Amino acid sequence: MNTSLLTLAWKSLANRGVSVSLTILSIVLSVTLFLGVEKIRSGMRESFNSTISGTDLIVGARGGALNLLLYSVFRLGDPTANMGWDSYQLIASAPNVAWAVPISLGDSHRGYRVVGTTTAYFDHYRYGRDRNLDFAAGQAFQDIHQAVLGAEVARRLHYRIGDTITLSHGVGDVSFAEHAGHEFRIVGIIAPTGTPVDRSVHVSLESIEAIHVGWNTGAPPGAASQDGAAPDLTPDSVTAVLVGVTSPIRVLSLQRQINTYRGEALSAIMPGVALSQLWSVIGVGETAFKAISLLVVIVGMSGILTALSAGLNARRREMAVLRAIGARPRDVFALLILEAASIAAAGALIGIVLTQIGFALIAAMVRARYGLDLGGSIGLPELGVLVSVTLAGAMLGVWPAWRAQKNALADGLSIRL
């Protein structure tokens with residue numbers, strides 16, 4: 001009898017195809033939803049934590065670590081103050097510094113932040129798993145009055161290479177202080193990254209200085225100096241500096257040197273640490289989504305208990321026949337456990353396959369448009385779900401299996417009025 005239990009279990013399930021199929025469908029839907037939420041959640045978290053990678057330190061004026069991260073990386077909020085150009089040059093020339101990229105903020109274009117920087121920004125900025133910034137069209141700026149747009153800016157505002165734009169003073173959605181007379185020609189559009197780079201307009205530091213010449217003196221912006229010479233476009237200050245060091249073991253010592261620098265009140269933060277702190281604040285909803293998806297799986301799994309328990313009375317004759325031909329109580333018990341585990345395993349397996357197919361179909365589009373990596377082939381998480389759901393199904397079959405084995409042969413052959 002033991003050698004044919006599995007075959008008997010599958011034939012019994014096939015004989016009750018409609019009810020079993022509905023139970024499997026509920027498990028498929030719950031597992032698909034659970035895995036879908038988990039993939040999106042983990043993808044979003046990984047994308048968030050790798051908004052900037054390959055940068056060892058972010059340096060700015062003295063202030064909170066999260067505030068420095070928000071305005072320098074996420075383009076949110078405003079800096080408390082700028083740091084001097086001399087301090088940037090000192091950091092860039094430090095022995096342990098491999099590269100340093102200054103950024104200057106404070107202007108905008110139709111609600112999108114303008115980032116003044118150098119061409120080194122496009123060489124050293126990394127996101128995701130050490131991915132470079134690629135150009136969907138054009139190239140990096142080579143001169144003043146040239147702009148490189150993020151993917152979302154170009155898509156939302158319908159810009160193309162060769163179009164001209166005008167920047168605004170300040171970072172509000174609406175500005176009454178336009179930098180008139182300084183039109184920027186779009187020379188590059190960055191491929192989607194799923195990071196704040198997509199929502200940024202990039203220009204050179206010299207461009208930022210050029211549009212602000214005479215801004216605070218009452219003279220027309222961009223006017224030449226009194227002796228007729230071209231204005232000096234060397235910045236007096238920058239908002240922040242992205243720093244890469246020659247060796248990871250030098251990061252902490254360089255951070256300490258910058259934080260204790262007596263020439264200017266500066267803060268140096270490690271972006272990975274700050275990102276983790278920020279996620280602990282804004283990622284509270286992650287737990288809620290996970291709990292909801294887990295509850296959906298529990299509801300789906302409860303269908304196994306309902307289906308087996310509800311069918312026990314209808315299967316009294318089947319159980320009695322099995323007992324009559326020599327099946328022991330433990331064989332009946334094992335039969336129902338196998339049925340429950342088989343239903344759970346089938347539902348989990350189909351759910352995993354459907355999830356993989358669905359995400360494979362949309363992964364390229366999501367990665368291209370949002371820069372979000374939804375994961376690859378079946379791995380340990382999916383196998384863990386398969387094993388867990390199968391074991392849970394077997395456990396849910398214990399109660400109806402125990403009831404079935406308790407039915408005596410006489411009770412099974414008797415007629416209840």
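**Why these words apply: burial and ring pairs**

Guide: E152 has its place in helix α6 (residues 151-157), where a helix is a DSSP run of H or I with at least four residues, numbered from the N terminus. This is a predicted model, in which local features need pLDDT of at least 70, side-chain atom pairs count only at pLDDT 80 or more, and totals for chains, interfaces and linings use all residues. Residues are numbered from 1 along each chain as its sequence is written, and side-chain values use heavy atoms, with hydrogens and water left out.

Visitor: Why does E152 count as buried?

Guide: Buried means under 20% relative accessible area, exposed over 50%, and partly exposed in between (1.4 Å probe, protein chains only). E152 has 16% relative accessibility, so E152 counts as buried.

Visitor: What makes L349 count as partly exposed?

Guide: L349, which lies in helix α12 (residues 329-370), has a relative accessibility of 46% and therefore counts as partly exposed.

Visitor: Why is the pair of Y121 and Y125 called tilted?

Guide: Consider W85 and Y88 beforehand: this aromatic pair is tilted, at 4.7 Å centre to centre and 45° between the planes. Rings of Phe, Tyr and Trp (its six-membered ring) pair if their centres lie within 6.5 Å; planes under 30 degrees apart count as stacked, over 60 as edge-to-face and the rest as tilted. The ring centres of Y121 and Y125 are 5.2 Å apart and their planes stand at 35°, so that pair is tilted as well.

Visitor: How do you know that Y125 counts as buried?

Guide: Its relative accessibility is 4%, and therefore Y125 counts as buried.

Key. Helix = DSSP H or I, 4+ residues; strand = E, 2+ residues; numbered from the N terminus.
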